[in-house]
Structure formats: structure tokens, C-alpha cells
Amino acid sequence: MPGDTSSIVLRFAPNPNGPMTIGHSRGLSINSEYSRMYGGKVVLRFDDTDPKVKPPIIDAYDWIEREYEWLAGKAPDIVIRASDNMSRYLKCAEEMIAGGFGYVCRCSVEDFKRMREEMKDCPCRDRLVSDTLSDWEAMNSGEITEGDAVVRVKTAMALPNPALRDWPALRILDAPHPAVDGAQYRVWPLLDFQSAIDDHDQGVTHIIRGKDLMDSTRKQTLLYEHFGWSYPQTLYWGRIKVHEFGKISKSEIKAAIEKGKFEDWDDIRLPTLPALMRRGFRGEVIRDFWIDLGITQKDISISMQTIEAFHAKRIDSSTERRSFVRDPVKLTLEGSGGPGPELSIPKHPDGMVQGSRDWTVGGSVVVQSADVNAGSIRLKEYADITVSGESAAVDSWSRTDERPVVQWLPLDMGRDAVLHRPEGRLISFESGLLEDFELKIGEIYQLERVGFARLEDLPDEGPAKLIWLHS
RNA sequence: GCUCGUGUGGUGUAGUUCGGUCCAUCAUGAUGGACUCUCGAUCCGUCGACCCGGGUUCAAAUCCCGGCACGAGCACCA
């Protein structure tokens, strides 16, 4: 990391207009990891100064703090809401106007766009400071209506980069803010202005952000020069795309939820952090995954499968096994001798999880219907059998030949369960019998020959609810 | 259109600052085999890349010039 790293201050600044998504998780992982490496601090700042186009959701402040902790493994060092700093932004704006490096512009959007293209000064640019100051007051008092004026930072209209030419800093918005008292403010700062002031006020030393914000850095640097501040060191990462999800838009997800296309923000088909949490992903594994990828400015495109493979590898050795027989068929066992009714099966085949699952085998067992077609099968860890109709003859207790090994359950050991599994735009429901041994809500199990799943609910009445994690 | 950024196997990366130690690293993937009473894991092998074209040089992934491709910004969004 460049610059003085003796006591770094980083920041992570989401908009609380929904929970975080997998996209945010990269930014947060990288910021929190750098903070850990250098013994620095992270400011969690809610950039919530657009009550109109991206209105904050009041619950999202808490969601995000929880998600932060889940992913980073610790709470943020400082939590700030931009909407609490409104008076500071307005004061800075006034100072900017009074200092002559900002002005109130009353041109229409189209007119200004044209002047920007033609590199021509806007007529509002060279008005007397006193005139533009009175316009500023009029903006705040309500004499100027929404859309009729904007405060711009005076840079230069001849700048080669069109994005930098007299960029907009504040605008009028007549909309209530859910976290701010009523109609207290009319003029709200845009991101580049708000964030620039906050970074300075909060003593941010390093900014690590997506390279789509490179022009923000340049805009804000120009503003810092006006104020005589020095800009933080800045690092960028490239665009990230997850194949399965494409572009993620919180407002589109919100609309889809309202239309009933998804259950809620934690619908298991969604790329949100609540959905990932619900499926049983572990925050520190997701974090390690992003850190493994590193930060480069290259645009990258990864598959959810890559994340899942990484996750499976990390949790495998600490995840207990359970049997889950889908589409079960009941078989009556006919045979004598054998190991007796008590059976002990390890919680994990390699013994990384100590202990065993103790089964009591009665006269009946269940196997998956697709497995009985093979005729001769081996009930794993138990017996070689040959199926005929609804009964099965035990050929041998020990493994004697190459017949397929199948999952099974003593009938009395199973309880009804439904596995919920995201299948693209749909959710599939697979019913079966789940091994009823030391089940705990919230726990992740590897369902043998099926995959990893989280046990979400274990009602007294009705089937247990399993949520698919990954294979 | 203007501005900025990025190009290394299918995917993600190391190496580029300061040219040689790079017939290019590691992981994942694909594939062949061994092993295994779930999936897998493990072990052995194989496949596969420096965007293109010039230039400088004894020597270029690395430096220079010119293309090309992709991405982002040019919002009264964040």
C-alpha cells in the first residue's frame, strides 16, 4: 500500500437502500483485510444523501452493520451516517461559493450538457459572488424549486476530461429522508461532494474502491485543491462480474420483491448477503476468497461455482454427515445374524469431527427409489442386499462384491424433510427422509451423496426445512 | 465523440517498477490413471497463456511507437 501506512484509516461506504450484495462483499473484504494487515481502522459510512432516487431503507442500516460483522469478523471501528452531517456539507458549500470556487448554476440539464461538450463557460459561472450567494440562500429557503438550480464546483470548462468540467456538487431535493427529521433540508450533496468532505473530516488516509470511481478521485482532488486539503492515497479494483447473476441492481431486486417474484431480500436465489447467510455460507470464507483473488484493476468475471468450490473445501472437514434419502422407498429386510441392531457411523469419514452417529436398525429401511432399480445394492456400512418387491434379502453383511453402495436409513431413524434449492429463477423442493440424529437448527450438514445444506427449521409438526448450500 | 483504465492458459493470478535467473508461477478447470463403503479428498501423469504489428537490444511478458479489443466515466444516482 502506498504512502504512510503507520496508522491508516480506511472507509467502506455503502448506500443503505437495501442489504449488501455479493458485489459489496469484495470491497468490504479487501478494506477490512488491509486494515487488519496494517493495524488500521475502518469507517463504515452510510452514504445516504439521496432520499429521492435511491431512498434509504431504515432497516438497512442495521442489516449492513450485521453483514459487516459477519463478513469482516469484527464490528467496524467507526459508524457514521452521511445524513447526520448535512449542516457540515452545507457549510462547506457556502464556503466554496463565498470563496469563488463554486457557484450556483441555473442552466437546464440540456444546456449545460451542450456547453460541457463545447467547452464553453456557462453564464452563471462568472456572476458576482454576492449574487450567487443569494441564489444559494434561495435554494435553501425554497424560493428556487427542485430542478432549477445546482451548485457546481468551478474547475475549468476546457479540461480534456469532460467528466471533470464544473461538476455538480449539490442539488435541491424535495423528499423526506427516513433517517432525518422532516423537511429540515432541501439541498442535498451529491456523492462526489459529500464523500470528499467526509473523507477529509474522518481522516481517511487510503481509499480502496472500484475503478469506476477513478473520475471521482480526479473530481475530488480538484475540490481538495480549492480547500487546501490533501487527498488520500487511492487504490482501485476492477469490475467484477458473477456469471450467474450478471448486473446486480438493488432497486430492481426491491421491485421484484414487491411484485412477489422473490420472498424477501434473503430469498435463496438472490445474490444478497442475507441470502448467502441463510444458505449457510461463512463470512470469513467469502472474505478469504476475495483476498485470494487479490486486487488488480483488471475486470474479472467469476462463477458462483468457483466460490462454492472454495467454500466446500474450507468447510468440509468440519461438517458433520447426515443421510438424506429423497423419494424414499420402504424395504423390509430379511436376513439373520449380522452386526445386530446397533450401528455406529462416524460423523465425518476422516475423523476430523469426533464422534459417531448411533443408529438402531429395525426390520425396515428406506432407500432412494432410483437405487432399488439396480436390484443388488450395498447399504453403506451395513449389508449387501437384493431387492425383490417391498422386501430385500440380505446376501452378506460384509462387502463382498462391486455392487453399488447406496445411502439408506433405518425407517425409524428418519423424519420428513424438504430441501429447498435455488434453480436459476425457480426454487425446487425435494422431499425425503432426513436422518434424525442430533439435529440442530442453523447447523450445516453434508447430506451424503447430495451436498451441503443448512437446517433452517425443525418444527414439531411437519417436515424439517433444509436450505441448499452447494455440492 | 471525449477522457481514463485494463489486456498473461477455460477461469482467477505471479512476474512488468529496475529487460537476462521466464522454453513464464500458483490455484482452479479439463483429461487419463491409482485409491476410496457418499460426494469428495488424496496420489501420479497430461492439456493449456504473454492482444496484434513494428522498433530498440546480444537479450523483451517487461522498454518505445502504432493499432485492436474490452471496461468505466462524461447523472440534479451511489
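Here are a few exercises, with worked solutions, on a predicted model of a protein with RNA strand B.

**Exercise 1. Work out which residues come nearest to RNA strand B, and which parts of the strand come within 4 Å of the protein.**

Step 1: Start with the neighbours. There are 45 residues around RNA strand B, and Lys54, Arg116, Arg171, Gln446 and Arg449 come nearest.

Step 2: Now flip to the RNA side. Sugar and phosphate make up 72% of the strand B atoms that come within 4 Å of the protein.

Step 3: Sort the protein side by class. You get 21 charged residues, 15 nonpolar and nine polar in the surface near RNA strand B.

**Exercise 2. Find what part of RNA strand B each of Arg239, Gln407 and Gln446 lies close to, and give the distances.**

Step 1: Take the phosphate. One of its oxygens is 3.3 Å from a polar side-chain atom of Arg239.

Step 2: Go on to Gln407. Here a polar side-chain atom sits 3.3 Å from a sugar or linking oxygen of the strand.

Step 3: Finish with the base. An N or O atom in the Gln446 side chain is 2.4 Å from a base oxygen of RNA strand B.

Step 4: Put this surface on the fold. The elements giving two or more residues to it are α4 (109–118), β6 (168–172), α7 (214–227) and β11 (300–302).

**Exercise 3. Describe the second largest pocket: its volume, its lining and the elements that supply it.**

Step 1: Volume comes to about 760 Å³.

Step 2: Look at the walls. The lining has 26 residues, with Glu244, Phe245, Arg269, Leu270 and Gly424 nearest the centre of the pocket.

Step 3: Trace the lining back to the fold. α8 (250–258), α11 (304–316) and β23 (414–423) supply at least two residues each, and α8 gives the largest share, with four.

Step 4: Split the lining by class. That leaves you with 12 nonpolar, 11 charged and three polar residues.

**Exercise 4. Is Thr132 buried or exposed, and what does its side chain reach?**

Step 1: Place the residue. Thr132 is in helix α5, which runs over residues 129–141.

Step 2: Check accessibility. Thr132 has a relative accessibility of 3%, so it counts as buried, the cut-off being under 20%.

Step 3: Follow the side chain. It reaches the backbone nitrogen of Val104 at 2.8 Å.

Step 4: List the contacts beyond four places in sequence. For Thr132 these are Ile97, Tyr103, Val104 and Arg127.

**Exercise 5. Sort Glu308, Gly100 and Ala392 by burial and name what each one touches.**

Step 1: Try Glu308, in helix α11. Its relative accessibility is 17%, so this residue counts as buried. Setting aside neighbours within four places, Glu308 contacts Arg279, Phe281, Leu469 and His470.

Step 2: Move to Gly100, in the loop between α3 (86–98) and β4 (102–105). At 23% relative accessible area, Gly100 is partly exposed. Beyond four places in sequence, Gly100 touches Val129 and Lys154. For a sense of distance, the C-alpha atoms of Gly100 and Asp148 are 21 Å apart, with their positions 48 residues apart along the chain.

Step 3: End with Ala392, in strand β20 (residues 391–396). Relative accessibility here is 0%, so Ala392 counts as buried. Outside the four-place window, Ala392 is in contact with Leu331, Thr332, Leu333, Glu334, Ile385, Thr386 and Val387. Ser376, 16 residues away in sequence, lies 9.2 Å from Ala392, C-alpha to C-alpha.

Notes: Residues numbered from 1 in each chain as written. Chains lettered and ligands numbered in written order. Predicted model: local features only at pLDDT ≥ 70, side-chain atom pairs only at ≥ 80, totals over all residues. Heavy atoms only, no water. Near = heavy atom within 4 Å. Polar contact = N/O pair within 3.5 Å; in protein donor to acceptor, adjacent residues only side chain to side chain. Nonpolar A, V, L, I, M, F, W, Y, C, P; charged D, E, K, R; others polar. 1 Å grid on protein atoms, 1.4 Å probe; cavity = no way out; pocket = protein on both sides within 12 Å on 5 of 7 lines; lining within 4 Å. Points joined across faces, edges and corners; volume = space filled by probe spheres on them. Buried < 20%, exposed > 50% of the residue type's maximum accessible area, 1.4 Å probe, protein only. Contact = heavy atoms within 4.5 Å.
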